[in-house]
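Trainee: I would like to learn how to read a helix and its surroundings in a model of this kind. Where should we begin?

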Amino acid sequence: MAPDPNRAGTSASTSASKDDAVTKKKVENEDLSDEDLALKQQLDLYVERVQDADKGLQKVALESMRQEIRTSTSSMTSVPKPLKFLRPHYGTLKTYYETMVESDLKKYLADILSVLALTMSAEGERESLKYRLLGSEGDIGSWGHEYVRNLAGEIAQEYAKRQSEETPIDDLMELVQQIVAFHMKHNAEPEAVDLLMEVEDLGMLSAHVDKTNFKRTCLYLTSSAR
């Protein structure tokens, strides 16, 4: 029987695509320093183990991944390397999240997805907020100022949407409390005031004003009123 030239062409094309992907990955890895390559490979391994059937391995991988991300986002001036190396896995982790049963491990993964969404979420999707609300509700500031700032922006958008639909906002206001407390403790009074104006609850501010920040707070309120 004569070989099918179309099938042969398809096979060759598939093979070429795989070779291109391998070559691209090899080149990308060659561009990394030894330290960065080791971090990337470690994160790749964590992603594999998060999807392992062994809950013990899952927990260790999630905790290790959380630690890597938290350490890198504490002072964020550019995209941290852990977030950069985890970008290709964002879709995979989202898909796996949907298959998990309700548990603390699922909440830990939601925490990680909330931070990854900082650089991966499509405009208007508000996935950072979505996964934050599904997460473990730990210290919001532990993920860094840029994460908190981004979350505040998504809350403002979601608040406006819910107000137009007349749906409950209790879960959003709990997050607002945490964010305002964080901003007021870190000399970011204007950001706290801006968020409270967005959610129409400046009254919440009084609980967070003290002798160290009242001057800056009042100055910004006055300038905003003008």
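Mentor: Begin with the expected span of a helix, which is 1.5 Å times one less than its number of residues. This is a predicted model, and in it H6, with 17 residues, reaches 24 Å from its first C-alpha to its last, close to the 24 Å expected.

Trainee: How many residues of H6 are buried?

Mentor: An α-helix has 3.6 residues a turn, so residues three or four places apart point the same way. In H6, 12 of the 17 residues are buried, and the helix is thus described as mostly covered; among the buried residues are Leu105, Leu109, Ile112 and Leu116, together with Lys106 and Asp111.

Trainee: Which helices do the buried residues of H6 pack against?

Mentor: They pack against H2, H3, H4, H5, H7 and H8. The largest nonpolar core has 53 residues, of which Met65, Leu109 and Val176 touch the most other members, and H6 (residues 104-120) gives the most to this core, with 9 residues. Leaving aside residues up to four places away in sequence, Leu109 touches Val50, Leu62, Leu93, Tyr96, Tyr97 and Met100.

Trainee: Where is Val209 found, and why does Val209 count as partly exposed?

Mentor: Val209 is found in the loop between helix H10 (189-198) and helix H11 (214-225). Partly exposed lies between under 20% and over 50% relative accessible area, and Val209 counts as partly exposed because its relative accessibility is 32%. Apart from residues up to four places away in sequence, Val209 touches Met184, Phe214 and Thr217; the C-alpha atoms of Val209 and Met184, which are 25 residues apart along the chain, are separated by 7.6 Å.

Notes:
Residues are numbered from 1 along each chain as its sequence is written. This is a predicted model: local features need pLDDT of at least 70, side-chain atom pairs count only at pLDDT 80 or more; totals for chains, interfaces and linings use all residues. Side-chain values use heavy atoms; hydrogens and water are left out. A nonpolar core is a set of buried Ala, Val, Leu, Ile, Met, Phe, Trp, Tyr and Cys residues joined through side-chain atoms within 4.5 Å. Buried means under 20% relative accessible area, exposed over 50%, partly exposed in between (1.4 Å probe, protein chains only). Helices (H or I, at least four residues) and strands (E, at least two) are DSSP runs, numbered from the N terminus. Contact means heavy atoms within 4.5 Å.
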